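Open the model in your viewer and keep the sequence panel beside it, so that each selection can be followed in both places. The tour goes from one stop to the next, and at each stop you are told what to select and what is there.

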Amino acid sequence: MPLSLGKRKVHYLFEDGNEMAEEYDLKTDELVLRKWRHKTTFGGHGEWTWEVGETNPNGLTSDLIKESSSNPLFMRKDTKTSFQWRVRNISYPIEVYSVSAEPTERCCVIRTSNKKYYKKFSIPDLDRCQLPLESAALSFTHANNTLIISYKKPKEILTLEQELLGELKKLKGTSEGDIDCKTQ
């Protein structure tokens, strides 16, 4: 569990070969980044997929061609009490947006009445805990060309996160490198 630049980094390796990496802010204990890497069909390591946080926070890119910086950018950034998604670079008035929960499909949907933006997204944390998707927990607001969608975390998730954070704080961190952990 290396500590660097005010962040606690935790790397998980699961029995099925999948990996998860998380970063927590040391001051606020908030989850800053969560990414997954699944094994490929042939047993190799696949690409990292971001679940929480920005995919390229430093703005660095190795590609010669990149998408326009004015395109809408969808990302997840959680708070202590809610799952939160942001759609940047989307400037329509708030009356244009519609955000709904689709419990049968286990996803949320963002629509605009002018048909300029449409996005379906799931909440993997609810799926992992096998919790229902509730419309009443969903809300949204718009400010500074950013649509902010919030889903109030169920008490089961809040309890689980507190227990995990307690366990992580018990581990002795290092400034660099690996920590001695017992493999189960």
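Before the first selection, one definition is needed: the expected span of a helix is 1.5 Å times one less than its number of residues. Helices and strands here are DSSP runs, numbered from the N terminus, where a helix is H or I with at least four residues and a strand is E with at least two. Please keep in mind that this is a predicted model, in which local features need pLDDT of at least 70 and side-chain atom pairs count only at pLDDT 80 or more, while totals for chains, interfaces and linings use all residues. Residues are numbered from 1 along each chain as its sequence is written, and side-chain values use heavy atoms, with hydrogens and water left out.

**Helix α2**

Select residues 155-170, which form helix α2. Its 16 residues should span 22 Å at 1.5 Å a residue, and the end C-alpha atoms are 23 Å apart, which agrees. Now colour Ile157, Leu165 and Leu168, the buried residues of α2, where buried means under 20% relative accessible area, exposed over 50%, and partly exposed in between, with a 1.4 Å probe and protein chains only. These buried residues cover an arc of only 70° around the axis, which puts them on the same side of α2; the arc is that of the directions from the helix axis to the C-beta atoms. On the other side of α2 you will find Lys155, Gln162, Glu163 and Lys170, which are exposed. What covers the buried residues of α2 includes β2 (7-13), β3 (19-25), β7 and α1 (124-128), where contact means heavy atoms within 4.5 Å.

**The whole chain**

Clear the selection and show the chain as a cartoon, in which two helices and 12 strands make up the secondary structure. Of the 184 residues of the chain, 35% count as buried.

**A sheet of four strands**

Next, select β6, β7, β12 and β11, which form an open sheet in the order β6-β7-β12-β11 with antiparallel pairing; two strands pair if DSSP finds at least two bridges between them. Which strands stand at the edges? They are β6 (73-76) and β11 (138-143), and each has a single partner strand, so one side of each is left without a neighbour in the sheet.

At one edge, four bridges join β6 to β7 (residues 82-88), and a hairpin of five residues connects β6 to β7. Select arginine 76 here, and you will see that tryptophan 85 in β7 stands opposite. At the other edge, six bridges join β11 to β12 (residues 146-152), and serine 139 has serine 150 in β12 as its bridge partner.

**Lysine 152**

Stay in strand β12 and select lysine 152, which is exposed, with a relative accessible area of 58%. Lysine 152 and serine 82 are 70 residues apart in sequence, yet 4.3 Å apart in space, C-alpha to C-alpha. Leaving out residues up to four places away in sequence, lysine 152 touches Thr81, Ser82 and Ala137.

**The nonpolar cores**

A nonpolar core is a set of buried Ala, Val, Leu, Ile, Met, Phe, Trp, Tyr and Cys residues joined through side-chain atoms within 4.5 Å. The largest one has 21 residues, and those with the most contacts inside it are Ile110, Ile123, Leu126, Ile149 and Tyr151. Strands β7, β8 (97-102), β9 (107-112) and β12 are the elements that give two or more residues to this core. Select isoleucine 123, which touches Phe83, Trp85, Cys108, Leu133 and Tyr151, not counting residues up to four places away in sequence. Apart from the largest core lies another, of eight residues, among them Val10, Tyr12, Leu31 and Trp36.

**Two loops and a buried arginine**

Most residues other than glycine have a negative phi, and most peptide bonds are trans. Select lysine 115, in the loop between β9 and β10 (118-121), where phi is near 60°, a positive value in a residue other than glycine. Asparagine 145, in the loop between β11 and β12, also has a positive phi, of about 60°. Lysine 115 is exposed, with a relative accessible area of 74%, whereas asparagine 145 counts as partly exposed at 40%.

Finish at arginine 37 in strand β4 (residues 31-37): is this residue buried or exposed? Arginine 37 is buried, with a relative accessible area of 19%.
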